[in-house]
Amino acid sequence: MKIDRPHPKIGAIANDVDVRTLSDADWKSLYDAWLDSVVLVVRGQTLTIDDFLAYSRRFGRLKPHRVKKTRHADYPELTVMGLGTRKPDGKVDKTIYDRGGGWHTDSPWDTEICKGTQLYALAIPSIGGDTLFASMYEAYDALPDTLKKRIEGLKAEHAYGGRGRRGNELLDPEDRQRPPAVHPVVRTHEETGRKSLYANPYHILRFQGLAETESEALIDELAGHMTSTPAQYRHKWQVGDIVLWDNRCALHSATGSYPIDEKRIHWRTTIMQDPAEAQRAA
Ligand SMILES: O=C(O)CCC(=O)C(=O)O
Ligand SMILES: [Fe+2]
């Protein structure tokens, strides 16, 4: 197994490895590279659904995604991304085509912390469809001290799709009005101990305790810092890639811009942080 780090702050790329037969020692090397690099790419895999689920489970408990209609019918822990980009009437289904577009972290609308998201590429278009990642450790570290002081102890409310409830149509009606989840804006990573910014511009509703105008202004100000960090990695997909990112300390964004009638299909798992794991790390 070979692990390359093209950027010192973000992104580790593993080659010459088969995740179906990974030893515990090699898995630990991948896990450590992931913790250090925020995003872990493993290239060149050929997996069945069972293989992908088994590999995903090595990282933690899997949780079926709140969006029920894109769950695999027989494997609720597996979401299938990119199917149905055209509706039966031929029009583009933007909720599918644009899914994952706009900088965000996954599942901040859940009260439980989502540790990682893992995608496995089954079909990739000839052009476009890259995914961007940004380190929220680096975004936090680079904040001016005055801003760090201002956001200390602040909490934010998040809901699926944020203020515009964008993509809400993907949810079943009974899931559309769930109460927001509240998380600290500066979070300390349970495993690395590093601080990061956690206030993603997409799913955020407001900062608690601030007037609406102040909250809106702070969302914009922090979004500027979060998305302009130079600690970014752009993933250009190949069929057989597995990409795992750490939702506790990264934002990501699907860039879209691929030909609508070419396929871009991924299997996806959501990996949760068990409370016991968080406590062990503390
Ligand atoms: O399709 C992508 O590139 C990213 C999708 C995404 O945001 C997700 O699966 O959470
Ligand atoms: Fe996402």
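Which residue in strand 9 does Lys155 stand opposite? Select Lys155 and look across to strand 9: the residue standing opposite is Pro184. Please bear in mind throughout that this is a predicted model.

**First stop: the sheet**

Extend the selection to strand 8, residues 155–158, together with strand 9. These two strands are joined by four bridges and pair in the antiparallel sense. Next, add strand 12 to the view; the three strands make up an open sheet whose order is 9-8-12, with antiparallel pairing. Strand 9 (181–184) and strand 12 (204–207) are the edge strands, each of them pairing on one side only. On average, neighbouring strands of this sheet are turned by 30° against each other, direction ignored.

**Second stop: helix 6**

Now select residues 212–228, which form helix 6. Its 17 residues, at 1.5 Å a residue, should span 24 Å, and the end C-alpha atoms are indeed 24 Å apart, so the expected span and the model agree.

Within this helix, highlight Leu218, Ile219, Leu222 and Met226, its buried residues. Turn the view to look down the axis of helix 6: the buried residues fall within an arc of 110°, and therefore line one face of the helix. The face turned away from that buried side may be selected next; it carries the exposed residues Thr213, Ala217, Asp220, Gly224 and Ser228.

**Third stop: the cover over helix 6**

Finally, return to the buried residues of helix 6 and display what covers them, including helix 4 (136–141) and strand 7 (131–135). Strand 11 (195–197) and strand 15 (250–254) are also among the covering elements, as is strand 12, already visited as an edge strand of the sheet.

Technical notes. Residues are numbered from 1 along each chain as its sequence is written. Chains are lettered from A and ligands numbered from 1 in the order in which they are written. This is a predicted model: local features need pLDDT of at least 70, side-chain atom pairs count only at pLDDT 80 or more; totals for chains, interfaces and linings use all residues. Two strands pair if DSSP finds at least two bridges between them. Axes are lines fitted to C-alpha atoms, for helices over the stretch in contact, and angles run from 0 to 180 degrees between N-to-C directions. The expected span of a helix is 1.5 Å times one less than its number of residues. A residue is buried if 20 or more other C-beta atoms lie within 10 Å of its own, exposed if 12 or fewer, and partly exposed in between; C-beta atoms are placed from the backbone. The arc is that of the directions from the helix axis to the C-beta atoms. Two residues are in contact if their C-beta atoms, placed from the backbone, lie within 7 Å.
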